[in-house]
Amino acid sequence: TTTMALYGERKYLLNELGYYTAVIGIKMGPGNFGLKATYAGFSDYSESQLGLAYARSLGKKLDAGLQFNYNGIRIASGYGSASAISTELGILLHISEKFHTGIHIDNPAGGKFGKTREERIASVYTFGMGYEASEKFFLSAEIAKEEDQPVNVHAGIQYRFIPQLLVKGGVSAATSSAWLGAGFTKGNLHMEIFTRYHPQLGITPGLMLQFDWKKEKK
């Protein structure tokens, strides 16, 4: 099975705060390989990332993954660019058929930019859990701690009216913001649209497209 997803958002309706991601995942035997590319910013200032990931099952109860990233920053007007290497680690524990928990660590080694290595990529530690109350209803919660930032809590719900249609929503405590989204599936294509609202900064619209190719059995 091969999956490709494209995601984009424009924070607070500003072209300078655009964020775009493309992901490809390939299932090969007991493991899965992934390739990720992201771009954020505009012509005067931009951040980019290329990531290569591998994940596999370690039994019925445990999944684990590792990702290596090449990060880049570009500043126009003669400032130039800089790059850094970072890693991500993730573990998913299936406590039961309906209840799942996971830990994600972004940049545990503290990668730094440039030859002088003065600018450091922040480490982020995340713990999440999800509960499948039924085939239609899903609940999730996440606690995230970014280096030098306060703890943030996210909570979300998802309801699937029919196999082809779902709605979802959530809140983020640190920014006092809320978001709503809807998803539609037809054949191998899945599409989601959403909008996030911040009381002072306004709305952030976003769109995600996902394509699945399943190898035909002979």
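**Surface patch, pocket and salt bridges**

Ile24 is partly exposed, with a relative accessible area of 35%. The model is predicted, and all values were computed from it. Ile24 lies in strand 2. Because its relative accessible area is 35%, Ile24 passes the cut-off of over 30% for patch residues.

Ile24 belongs to a nonpolar patch on the surface. The other members are Ile26, Met28, Phe33, Leu35, Leu52 and Tyr54. Together these residues have about 620 Å² of accessible area. Strand 2 (18–28), strand 3 (31–41) and strand 4 (45–57) each give two or more residues to the nonpolar patch. Strand 2 provides the largest share, three residues.

A pocket was examined next. The second largest pocket has a volume of about 230 Å³. Its lining comprises 14 residues. Gly90, Ile91, Gly102, Ile103 and His104 lie nearest the centre of this pocket. Four strands each supply at least two lining residues: strand 5 (62–75), strand 6 (80–94), strand 7 (99–106) and strand 10 (124–132). By residue type, the lining of the second largest pocket divides into six nonpolar, six polar and two charged residues.

Charged pairs were then considered. Side chains of opposite charge can pair when their charged atoms come close. With a cut-off of 4 Å between side-chain nitrogen and carboxyl oxygen, the count comes to two salt bridges.

One salt bridge joins Glu9 and Arg196. The closest N and O atoms of this pair are 3.6 Å apart. The pair links distant parts of the chain. Glu9 sits in strand 1 (residues 2–10), and Arg196 sits in strand 15 (residues 189–198). The two are 187 residues apart. Glu9 counts as buried because its relative accessibility is 7%, and the cut-off for buried is under 20%. Arg196 has a relative accessible area of 23%, so this residue is partly exposed.

The other salt bridge joins Glu192 and Lys168. Here the closest N and O atoms are 3.3 Å apart. This pair also links distant parts of the chain, with Glu192 in strand 15 and Lys168 in strand 13 (residues 165–172). Glu192 and Lys168 are 24 residues apart. Glu192 counts as buried, because its relative accessibility is 17%. Strand 15 thus contributes Arg196 to one salt bridge and Glu192 to the other.

Definitions and conventions: Residues are numbered from 1 along each chain as its sequence is written. This is a predicted model: local features need pLDDT of at least 70, side-chain atom pairs count only at pLDDT 80 or more; totals for chains, interfaces and linings use all residues. Side-chain values use heavy atoms; hydrogens and water are left out. Patches are made of residues with over 30% relative accessible area and no salt bridge: like charges are joined within 9 Å, nonpolar side chains (Val, Leu, Ile, Met, Phe, Trp, Tyr) within 5 Å. Accessible areas come from the Shrake-Rupley method with a 1.4 Å probe; for residues, only the protein chains shown count as cover. Buried means under 20% relative accessible area, exposed over 50%, partly exposed in between (1.4 Å probe, protein chains only). On a 1 Å grid over the protein atoms alone, a cavity is a set of points where a 1.4 Å probe fits but cannot get out, and a pocket is an open set with protein on both sides within 12 Å along at least five of seven lines; lining residues have an atom within 4 Å of a point. Grid points are joined across faces, edges and corners, and a volume is the space filled by probe spheres set on the points. Ala, Val, Leu, Ile, Met, Phe, Trp, Tyr, Cys and Pro count as nonpolar, Asp, Glu, Lys and Arg as charged, and the others, Gly among them, as polar.
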